[in-house]
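Open the model in your viewer and keep the selection tool ready. We will go from stop to stop.

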Amino acid sequence: MPVESEPLRKLGFLTIGLFDGDDPRRGHESTLEIIELGERLGFDSAWVRHRHLQYGISSPVAVLAAATQRTSRIELGTAVIPLGWENPLRLAEDLATVDILSGGRLNPGVSVGPPTHFEQVAPALYPDTAKAEDFSYARVRRLLDFVRGEPATDFSGVEGIEVFSDRVQPHSPGLGGRLWYGGASLRSARWAGENGMNFLTSSVVKAEEPAAGDAADFAEIQLSHIRTFRAHHPDGGRARVSQGLVVIPTDSATPEQRAKYEAYARARLPRTTAPQGPARMLFSPDLVGPSPDLAARLHAHAAFREVDEVAFALPFTFDHADYVQILTDLATHLGPALGWHPAIG
């Protein structure tokens, strides 16, 4: 497993893609420009968040389809698509289509569970079937099977002048190995491993052990998830895990930007001191500072030492110029301090 002296192999970033409701195009263009910048800077991957009925990216597959035509190398991911909003068969078609357009660069991340505010949204989303919908891991299993080429119907062949396939078309052979599960619990980590997926772990985990109390340690909990995932994955220690902390380097930031970033992290710090709510969600502190300090803090992070690829999350509500500065410092200062080399050319 990676230790301080071993290099970070893959550096990625995650963006939420906010927009003004009165001018949605500008926000979407900003997101695409940030992805283009990421490719120029040599990032290995760019990921977009998914937000329904909010002023964020409601259709990440469509946004990434556009990104495939503006980039040629960088991997494109979703972190994550909540499958409670999706029909797995239709989503499999969309994912395969975009993967073909990208030349095999799509990395779809998904999760399960009922949609947020389900009681309020169910009449619009599932007016006739809300009580019958299955929001369990079985929904992911259906998507996996369709993407990996399992039959979707018992009919195939020629009917008149039309030719029908019994599996999702187009079929992208490598896509099944690039599906990720975004999980915050031991149960999800184990399920993802048992089903041969990759594992996305972010800046929030479930502090599930009652004995942990308010002294729960985020890094140790996240480490237990990573090890549980790999213990149940066919590839064992080689199974892919990506860590998604909020990391904000300030090497080239203006004094005003540094003040903004520090205030942002300070306002979010109280939620990191103890598990939150009935689900006992525990948040990681945001990391802000010059790259040498950030590198030292990451090397001291038990879960970071267990992975060799990351997708650091860009903060919410910052300006486009802030994202440009953060990405530039990640690629030119923090990444090299972690032993990473840009994938340019």
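Start with strands. Select Phe199 and Val241: Val241, in β10, is the bridge partner of Phe199. Strands here are DSSP runs of E with at least two residues, and helices are runs of H or I with at least four, numbered from the N terminus. This is a predicted model, where local features need pLDDT of at least 70 and side-chain atom pairs count only at pLDDT 80 or more, while totals for chains, interfaces and linings use all residues. Residues are numbered from 1 along each chain as its sequence is written, and side-chain values use heavy atoms, with hydrogens and water left out.

**Around β8**

Now show β8 and β10 whole. They pair in the parallel sense over four bridges. Strands count as paired if DSSP finds at least two bridges between them. Add strand β7 (residues 180-182): β7 and β8 are also parallel, with three bridges. One residue pair to click is Gly182 and Leu200, bridge partners, with Leu200 in β8. Next, trace the chain from β7 through helix α6 (residues 186-194) to β8; this β-α-β crossover is right-handed. That term means that, with the strands pointing away from you, the path from the first strand over the helix to the second runs clockwise.

Is β8 enclosed or open? Four of the five residues of β8 (residues 198-202) are buried, so this strand is largely enclosed by the rest of the structure. Buried means under 20% relative accessible area, exposed over 50%, and partly exposed in between (1.4 Å probe, protein chains only).

**Ser45**

Jump to Ser45 in strand β2 (residues 45-48). Ser45 is buried, at 7% relative accessible area. Leaving out residues up to four places away in sequence, Ser45 touches Leu11, Gly12, Phe13, Ile74 and Glu75. Contact here means heavy atoms within 4.5 Å.

**Salt bridges**

Stay with Glu75, which is buried at 19% relative accessible area. Select Arg240 as well: the two side chains meet in a salt bridge (4.0 Å, N to O). Arg240 lies in the loop between α7 (218-231) and β10 (241-244) and Glu75 in strand β3, so the pair ties together parts 165 residues apart in sequence. A salt bridge is a side-chain nitrogen of Lys or Arg within 4 Å of a carboxyl oxygen of Asp or Glu. By this rule there are 19 salt bridges.

Last stop: Glu306 and Arg227. Their closest N and O atoms are 2.9 Å apart in a salt bridge. Arg227 sits in helix α7, and Glu306 in the loop between α9 (291-299) and β14 (309-313), 79 residues apart. Glu306 is buried, at 8% relative accessibility.
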